[in-house]
Amino acid sequence: MEYDNGGELLVAHLESLGIDTVFGIVSVHNLPLVEAVDRHLRFVPVRHEATAVNAADGYGRARGSIGCALTSTGTGAGNAAGSLIEALSAGTAVLHITGQVESQYLGSGRGFIHETKDQLGMLSAVSTYAATVTSARDAGRVLREASAAALATPGGPASVEWPIDLQYAAQKDAGGAVPSGEAPSPDAAELAAAQALLAESRRPLIWAGGGARHARAELAALLEATGAGLIGSNSGRGSVPEDHPLVIGNFATNPAARALLADADVLVTIGTHFRSNETADYNLKLPDAHIQIDADAAALGRVYPARHALHAEAAAVLPALTGAAVRADADWSARVSAVRDEVRAALHDDIGPQAALCDVLAAALPRGAVVARDVTIPSSSWGNRLLPIHDPRANVFPRGGGIGQGLGMGIGAALARPDEPTVVIAGDGGLAVHFGELLTVAQERPRLTLIVFNDGGYGVLRNMQDKYAERRSGVDLFTPDFGPLAAACALPYARIAAPEEAAPVLEAALASDGPTLVEVDLAALGPMKNPFTPPVKIPTA
C-alpha cells in the first residue's frame, strides 16, 4: 500500500485496531500525524503529554483493547514518561507515537530544537517496546510490531519515535502480519498434580489478579464448581461481578480474610503481582498448597512459593482445573459469604459520612459504568474496595500509585464509552497536578462527573505525619474556590457538604449528558471514624 505521508499510514493502522479517538499535543515534530488523525478520526488536544498517555490508557482499559497517544519529541516525550511507567506497571496497551528531529540530525548532539540525548533509551526504559522509524518503507512494520507488543501478555506501552522528515515522506508499506509468540503451555505433570490437589480440596480460595480479566467466563465456572471464596487484587476486580455471594473482593489483608487464608486447604492465584500494598508489605501469609497461574513465567514463585506453577494463559488452563474440581464443604462456602458481608459492613461503618457517597454511586451508576479513581483517600479506602465493580473494563485506576493521573484516565474512558456516565474520584491535591485538563473537559464535553474530595492538601501524607511525626511538612496546600474555578471553565458545579446532599447532587450529575464538577467539602462533611493511612512501613512506628 502507498500513502501520501506518515499521517495517512498511521490513520490506516489505527483504524485496523478499532481506534477512533487519539489523544495528544500538536507540535512541529508531529504535525503530519496530528493533521491526518484530525481529518479522519477524533483528535483530542489535551494540555499535557502525560495526560495524552493517561487518556489513551483509560480509553484502552474502558474498551478492553488499546489506545493511542501522540506527543512531541524531547521534552514532550519526557513529559509522557511518568504515564508510560503507569501503563507499564499495569500492563495496559498504549501505542505512544512521538516525534523526532530530522533523521539527518538524529543523534548528532548539536542541540537541534526539541532534541534530547538518547530519547530511544529513555523510551525503552519506560515501555515494553520502543523503536525508531528509519525509513518510509519501515513505518508500517514498526507500527504493527509496536501494537502487537502492547497487546501481548504481559503487555504495556509501546513507543515509536518518528523523525519529522519521514513523517512528511510518501510511505510504502509491504504489509504482512507480525509473527506471534507461541502461547505458553503448562507442564503436564504440574497440571495433573494441580488437578489432583484441587480434587481433594474442601476449603478452597481463589485470588484473581489482572490476569483474570481475560478469563471471566472460565473464572466464573471455576468459582461455581468449587464454591470457593474469591479474593481479588485491585487489578482483578470485576473479573466476576462483585455482587456475587462468593466474591470477597479486595480485602486480603482484612483480619477475617486472613483467617480464611489461614484455614484454606488450597489457594489458586491467577495473574496477580502480589503487590506490596495488597499483601501488607509481603507479610500476608498464604496457604502452602498454592496453585499459581500466570502467563508471565517470571511471575511464577517470584513473591510467594507455588507448590504447582502453571505457565499459561488463564482462559486456557482454568477449564482443566474446573473439570477436576469438587464442591467445597457447605459450611466453608457459607463462611465465605459471611466474611464477604462482614468486611463490607466494617468498612462501610469505618468511613463514616463518606458511606453516603459510596451508596449513591453504587445505586445510581449503570452496571459496568467506568469509575476512574485517582490516588486519594476515598479511592484507597473505599473506592478500591467497597464501591462495587462488575466489569473489569470499568475498573480504571493508577496501578503504579502515581498521583494526578485519574482525570486523564477518566477523560479517555468517557470518550471511549460516550453513551454511559463516567465518574472520576480525585482529591484536591491530585487534581492540582493537572488542573489544565479541566479545559480539556470543558472543550470536549464528555459525559463525566468529576468528584473532587477537598481536604486542603495531601490528606494521606497528612494523616501519616499526624500519626507518626511531630510536625507537618508539605501536606497543607492552598486550594482554589472550586465554584468560580468551574465557572471559569464553563463547567457545571455542585457541592456536597452533608451526607443527605449526596443523592440529589450525584444523581443529577450522573443524569447529565455532559460534564459536572462536584466538590465534596470534607471539612463540612465530617471525618471518617479512623483517619486513613496507607499500609506502608514507618521505621519509627
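How many of the residues of helix α15 (residues 406–416) are buried? In this predicted model, eleven of the eleven residues of α15 are buried, and the helix is accordingly described as mostly covered. The buried set consists of G406, L407, G408, M409, G410, I411, G412, A413, A414, L415 and A416.

Two further buried positions were examined in strands. Q100 is located in strand β5, which spans residues 94–100. With a relative accessible area of 4%, Q100 falls under the 20% limit and is therefore classed as buried. The side chain of Q100 forms a polar contact of 3.3 Å with the side chain of T73. T73 also appears among the residues that Q100 touches when positions up to four places away in sequence are not counted; the others are H29, L106, Q119, E161, W162, P163, I164 and Q167.

W207 occupies a place in strand β9 (residues 204–208). Its relative accessibility is 1%, so W207 likewise counts as buried. A polar contact of 3.4 Å links the side chain of W207 to that of T272. With respect to P535, which lies 328 residues from W207 along the chain, the C-alpha separation is 20 Å.

Empty space in the model was considered next, beginning with the second largest pocket. This pocket holds about 880 Å³ of space. Its lining comprises 44 residues, and those closest to the centre are G91, P154, G210, R213 and H214. Two or more lining residues are given by each of the elements α3 (49–63), α4 (75–90), α6 (139–151) and β13 (290–294). Helix α4 supplies the largest share, three residues. Classified by residue type, the lining of the second largest pocket contains 14 nonpolar, 18 polar and twelve charged residues.

Enclosed space was also located. Across the whole structure, three cavities of 30 Å³ or more were found. The volume of the largest cavity is about 70 Å³. A total of 13 residues line the largest cavity, with L230, G232, G236, E242 and V247 nearest its centre. Strands β10 (229–232) and β11 (247–249) are the elements that give two or more residues to this lining. The largest share, three residues, comes from β10. By class, the lining of the largest cavity divides into five nonpolar, six polar and two charged residues.

Methods:
Residues are numbered from 1 along each chain as its sequence is written. This is a predicted model: local features need pLDDT of at least 70, side-chain atom pairs count only at pLDDT 80 or more; totals for chains, interfaces and linings use all residues. Side-chain values use heavy atoms; hydrogens and water are left out. Buried means under 20% relative accessible area, exposed over 50%, partly exposed in between (1.4 Å probe, protein chains only). Helices (H or I, at least four residues) and strands (E, at least two) are DSSP runs, numbered from the N terminus. A polar contact is a pair of N or O atoms within 3.5 Å; within protein, one must be able to donate a hydrogen and the other to accept it, and residues adjacent in sequence count only if both atoms are side-chain atoms. Contact means heavy atoms within 4.5 Å. On a 1 Å grid over the protein atoms alone, a cavity is a set of points where a 1.4 Å probe fits but cannot get out, and a pocket is an open set with protein on both sides within 12 Å along at least five of seven lines; lining residues have an atom within 4 Å of a point. Grid points are joined across faces, edges and corners, and a volume is the space filled by probe spheres set on the points. Ala, Val, Leu, Ile, Met, Phe, Trp, Tyr, Cys and Pro count as nonpolar, Asp, Glu, Lys and Arg as charged, and the others, Gly among them, as polar.
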